[in-house]
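Colleague: I'd like a close look at one part of this structure, the charged side chains that pair up. Please give me the setting before you zoom in, and explain the terms as you go.

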Amino acid sequence: MNPPLEAPPTHPPDPLPILYPETLHDLRADAVEELRYPAAAALIVAGVPGAGKSTALRKFFSAEFDAAAPSRAPEGALVLDSMQARNRLRPKLWWLPYLLWRPVVHIAHFRAIRTALRDATGPVVIHDCATFRWTRALMARWAADYGREIHLLMLDVPAGIARAGQYARGRRINRMAFTLHVRRWRRLMHGIATEHHTLTGASRSVVIVDRAAVNRIRRVVFAA
C-alpha cells in the first residue's frame, strides 16, 4: 500500500478521471489522473516528517531539494519548502548544531509563506507537517486576508515508513519529536472524517493520499 514514491507503474496505465477537489476526498483506495485546483489557490502538502512531502513537490512541481529560495514550477505555481530556508541559512549557521537554529528556519519559512500568500501572482504550494493547530490556523488566516482558498493534500503513510524516509533523505528528527508528530497526525486524521473544516483551519478541500495514490496521480494543476 505504500511503495516508494515515484515508483514506476507495473503495467500500462488506464485513463483515470480528473478531480476538482471541493470537500473531503479519500484517494487511498481510489485513483485519479489529475488534481485540478483554482488558479489562485494555496495548496498545503502535508504529512509527518519523512512521509514524502518534498518528493511529491519535486514530482508535481519540479521543486529541487537544494534550492535556497521559493521556486517557480513550470506551470507557474510558487513552491515553498522549509528546506529552502535551511539551505539558505546553512552557510551562516553551519557551525551550530541544527537543533539550535531550527527555530530560525521555521520563522524564515513562515515569513516566506506569508509574503507569498500576500504578493505572489498565481497559486502557492506550501510544504508543512500540518500537525500543529496553530500553524494551520495561521496559514488559514493569512490566506483569508489575501483572498485565497486553502486546500490540503495530506500524505498519509505508516510511521515506520515515514521514519525510513527520514533516514533515506538524511533529514532525521528526534525520536520523541517524531512520536509527537505521529500522535497529532493520527488525531487529525481521526477527526477529519467528521469535522475536517474545523480541524484543518477552514480549508476548502482535503485530499487524503497514500504513496500508492501519489504514484498514480500524474499531475497537480491550477486552472481558472
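**From the whole chain to its charged pairs**

Modeller: Let's start wide: the chain has seven helices and 10 strands, where helices (H or I, at least four residues) and strands (E, at least two) are DSSP runs numbered from the N terminus. Keep in mind that this is a predicted model, where local features need pLDDT of at least 70 and side-chain atom pairs count only at pLDDT 80 or more, while totals for chains, interfaces and linings use all residues. Residues are numbered from 1 along each chain as its sequence is written, and side-chain values use heavy atoms, with hydrogens and water left out.

Of the 224 residues in the chain, 51% are buried. Buried means under 20% relative accessible area, exposed means over 50%, and partly exposed is in between (1.4 Å probe, protein chains only). A contact means heavy atoms within 4.5 Å. Take the contacts between residues at least 6 apart in sequence: 71% of them join residues at least 24 apart.

Next, the inside. A nonpolar core is a set of buried Ala, Val, Leu, Ile, Met, Phe, Trp, Tyr and Cys residues joined through side-chain atoms within 4.5 Å. The largest one here has 59 residues, and Leu27, Leu35, Phe61 and Val209 have the most contacts inside it. Helix H6 (residues 175-199) gives the largest share of this core, six residues. Leu27, leaving out residues up to four places away in sequence, touches partners including Leu35, Val207, Val209 and Ile217.

Now for your charged pairs. Side chains of opposite charge can pair when their charged atoms come close. A salt bridge is a side-chain nitrogen of Lys or Arg within 4 Å of a carboxyl oxygen of Asp or Glu, and a search of the whole structure finds nine of them. One joins Asp26 and Arg28, whose closest N and O atoms are 2.6 Å apart. Both ends are partly exposed: Asp26 has a relative accessible area of 39%, and Arg28 has 28%.

The part I'd stare at longest is around Glu33. Its side chain meets that of Arg218 in a salt bridge, 3.2 Å from N to O. Arg218 sits in the loop between helix H7 (211-216) and strand E10 (219-223), and Glu33 in the loop between strand E2 (24-26) and strand E3 (34-38), so this pair ties together parts that are 185 residues apart in sequence. Arg218 is partly exposed at 40% relative accessibility, whereas Glu33 counts as buried at 9%.

Glu33 also forms a salt bridge with Arg219, at 3.5 Å from N to O. This pair links distant parts of the chain too, with Arg219 in strand E10 and Glu33 in the loop between E2 and E3, 186 residues apart. Arg219 is partly exposed, with a relative accessible area of 37%. Through shared partners, salt bridges join Glu33, Glu34, Arg36, Arg218 and Arg219 into one network.

For contrast, look at Arg163 in helix H5 (residues 159-169). Arg163 is buried yet has no salt bridge, and the nearest side chain of opposite charge, Asp156, is 16 Å away. (Lys and Arg count as positive, Asp and Glu as negative; His and the chain ends are not counted.) Leaving out residues up to four places away in sequence, Arg163 touches Ile173, Asn174, Arg175 and Phe178.
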